[in-house]
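Trainee: I've got this model open and would like to talk it through with you. Can we go one question at a time?

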Amino acid sequence: MRSQLTRAFTVLATAASVALAGVGTAEAGGPGGNGSSSTTSAAAVVQTMREALVARVDKGDVPGTQASLGELAPVLTDLARGERYVIQAQAKETAVTARQDNAEAREGVDELAARMETQAGLPPVTAFLNALVQRLLLSLSLLVNDLLGGLTVPVG
């Protein structure tokens, strides 16, 4: 229950940050502005992929989780290398960490999928999936935050 509450708060805070960043970029990107749609775009892509991953993990969908992790890999590689998106150095470092966490999560989920095929009567898969991707989800949240420049979420 606590992890679900924490996850819900993280998603809400990140979504609010993405929304605020979009407003700021739209204003800065006008005539003569210096706004970076690349960073905002990267943050939106990562956030969308993170939400899809969370949804699949919550359903206990092992093949779907494997697919989400596979889709994340090239995006995180692009961000870590700075090839597709122009992002700050700190965000690149966070992307490197997220890429490593993604690789570890993929290995764990692949092992889980293999065990599921050979062993019947395993405990609920959602608990295993949640444990395997928890660090990755935190890294992705930090990456979105870094991409958006650490915008604070206004309180009430």
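Trainee: Let's start with one side chain: does Asp78 count as buried or exposed?

Mentor: Before that, a word on the source: this is a predicted model, where local features need pLDDT of at least 70, side-chain atom pairs count only at pLDDT 80 or more, and totals for chains, interfaces and linings use all residues. Residues are numbered from 1 along each chain as its sequence is written, and side-chain values use heavy atoms, with hydrogens and water left out. Now, buried means under 20% relative accessible area, exposed over 50%, and partly exposed in between, with a 1.4 Å probe and protein chains only. Asp78 comes in at 18% relative accessibility, so Asp78 counts as buried.

Trainee: Which residue forms a salt bridge with Asp78?

Mentor: Leaving out residues up to four places away in sequence, Asp78 touches Glu83 and Arg84; a contact means heavy atoms within 4.5 Å. A salt bridge needs a side-chain nitrogen of Lys or Arg within 4 Å of a carboxyl oxygen of Asp or Glu. With the closest N and O atoms 4.0 Å apart, the partner of Asp78 is Arg84.

Trainee: And is Arg84 buried or exposed?

Mentor: Asp78, in helix H3, is buried. Arg84 has a relative accessible area of 56%, so Arg84 is exposed.

Trainee: How many helices does the protein have?

Mentor: Helices (H or I, at least four residues) and strands (E, at least two) are DSSP runs, numbered from the N terminus. Along the sequence the pattern reads α-α-α-α-α. There are zero strands, and the helix count is five.

Trainee: How far apart are the end C-alpha atoms of helix H3?

Mentor: The expected span of a helix is 1.5 Å times one less than its number of residues. H3 covers residues 62–81, and its 20 residues should span 28 Å. The model agrees with that, because the end C-alpha atoms are apart by 29 Å.

Trainee: What sits at the start of H3 and reaches the backbone nitrogen of Gly64?

Mentor: Look at the start of H3, where a side chain comes to within 2.8 Å of that nitrogen. At the other end, just after H3, Gly82 takes a positive phi of about 70°. The group at the start is a side-chain oxygen of Asp61.

Trainee: Where is the kink in H5 centred?

Mentor: H5 runs over residues 125–147 and reaches 32 Å from first C-alpha to last, close to the 33 Å expected. The bend at a residue is the angle between axes fitted to the seven residues ending there and the seven starting there. The kink is about 45°, and its centre is Val133.

Trainee: Which residues are joined into one network by salt bridges that share partners?

Mentor: The side chains of Asp101 and Arg135 meet at 2.9 Å, N to O. That pair links distant parts of the chain, with Asp101 in helix H4 (residues 89–118) and Arg135 in helix H5. Glu104 also bridges to Arg135, at 2.5 Å between the closest N and O atoms. Sharing partners this way, the network is Asp101, Glu104 and Arg135.

Trainee: Is Asp101 buried or exposed?

Mentor: Its partner Arg135 is partly exposed at 47%, and Glu104 is partly exposed at 44%. Asp101 has 8% relative accessibility, so Asp101 counts as buried.

Note on methods:
A polar contact is a pair of N or O atoms within 3.5 Å; within protein, one must be able to donate a hydrogen and the other to accept it, and residues adjacent in sequence count only if both atoms are side-chain atoms.
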